[in-house]
Amino acid sequence: MRVVSLASGSSGNALVIQHGDTTLLLDAGLPTHALRTALAALRVGDDTLTAILLSHEHHDHVCGLAHLLRYQHVPVICTAGTLRALDPGPGFGHKVIVPGRAYELGALVVLPVEVSHDASEPVGFVVSDGEATAAVFTDLGTVDQHVYEALRTAHLVVLEANYDSGLLERGSYPWPLKQRIRSPRGHLSNEECASTLARLDFWAGREIWLAHLSAENNTPRRALQTVRQTIGIRHERVPIRTLPRRGSPVEWDSRAPVVGTGQLRLL
Ligand SMILES: [Zn+2]
Ligand SMILES: [Zn+2]
């Protein structure tokens with residue numbers, strides 16, 4: 001299974017998950033032209049996606065969707081709440097999913113997991129090819145037991161590290177927006193992300209991506225520093241990377257060999 005992050009953050013989110021002939025796009029939060037160009041670079045042409053999964057209806061996750069469906073005639077997979085919020089009108093090819101139930105999409109099995117966020121029935125996803133598992137959780141204000149269990153066994157853990165608490169506190173955002181971001185239905189801070197990761201085991205073959213970093217209230221360096229300090233020396237056992245908001249895609253391949261003592265994955 002191959003996972004490629006095309007964009008991550010409040011200016012756009014899109015992730016590709018591939019296994020065999022199956023290609024899923026998880027969120028379509030880039031302009032359609034940018035999405036098609038990025039997909040083409042991965043040799044995913046028009047009308048070759050298997051499905052488009054949506055985590056929730058916020059603009060940074062769906063802004064390219066309507067136009068992209070002219071080029072990818074595939075079902076949009078989302079919760080009833082997301083569908084209601086999108087209000088796409090008749091003729092919209094979709095499949096409604098229920099959090100906690102697993103779905104076969106081609107060669108992949110997808111499990112949506114409810115998250116706490118100020119959207120209409122938002123979810124994160126666990127995607128498995130039968131051997132490797134990726135868990136993708138951004139846009140959540142808190143990590144409950146279901147989310148934690150989803151992360152616990154994943155080979156690739158993609159978890160939000162949205163803001164540094166100090167930077168948000170001192171930053172220029174208006175007070176209500178700061179409160180919204182910090183609330184249990186907002187976003188995960190570096191500290192919350194780090195304390196969640198610290199509860200995981202760091203076995204060789206795992207990889208961690210810190211996702212949805214705020215441009216204003218975070219830096220990749222701060223996010224990594226907080227996570228490494230919280231995890232302690234164990235962080236050396238697994239690769240931990242921050243996802244760029246845009247630019248070069250970041251890729252993980254479950255079949256890539258783990259070398260040496262298992263501390264490095266060849267990318
Ligand atoms: Zn978002
Ligand atoms: Zn959101």
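**Exercise 1.** In this predicted model, determine where Asp47 lies and whether Asp47 counts as buried, partly exposed or exposed.

*Solution.*
Step 1. Locate the residue: Asp47 belongs to the loop between α1 (32–41) and β4 (51–53).
Step 2. Consider its accessibility. The relative accessibility of Asp47 is 46%. Buried requires under 20% and exposed over 50%, so Asp47 counts as partly exposed.
Step 3. List its contacts. Apart from neighbours within four places in sequence, Asp47 touches Tyr71, Gln72 and His73.
Step 4. Compare with Arg241: the two residues are 194 residues apart along the chain, and 31 Å separates their C-alpha atoms.

**Exercise 2.** Identify the residues that coordinate the zinc ion (ligand 1) and classify the site from its angles.

*Solution.*
Step 1. Name the donors: Asp60 (OD), His61 (NE2), Asp139 (OD) and His212 (NE2) coordinate the zinc ion (ligand 1) at 2.1 to 2.2 Å.
Step 2. Read their spacing along the chain, which is D-H-x77-D-x72-H.
Step 3. Examine the angles. Those among the four donor atoms run from 93 to 160°. A tetrahedral site needs all angles between 85 and 135 degrees, and the site is classed as irregular.

**Exercise 3.** State which residue bridges the zinc ion (ligand 1) and the zinc ion (ligand 2), and decide whether Asp139 is buried or exposed.

*Solution.*
Step 1. The bridging residue is Asp139, and the two ions lie 3.6 Å apart.
Step 2. Asp139 sits in the loop between β10 (133–137) and α5 (145–152), whereas His212, 73 residues apart from Asp139, sits in the loop between β12 (207–211) and α9 (220–231).
Step 3. Asp139 has a relative accessible area of 1% and is therefore buried; His212, at 1% relative accessibility, also counts as buried.

Note on methods. Residues numbered from 1 in each chain as written. Chains lettered and ligands numbered in written order. Predicted model: local features only at pLDDT ≥ 70, side-chain atom pairs only at ≥ 80, totals over all residues. Heavy atoms only, no water. Donors = N, O, S within 2.8 Å, 3.2 Å for Na, K, Ca; no water. Tetrahedral: all angles 85-135°; square planar, octahedral: opposite > 155°, others 65-115°. Helix = DSSP H or I, 4+ residues; strand = E, 2+ residues; numbered from the N terminus. Buried < 20%, exposed > 50% of the residue type's maximum accessible area, 1.4 Å probe, protein only. Contact = heavy atoms within 4.5 Å.
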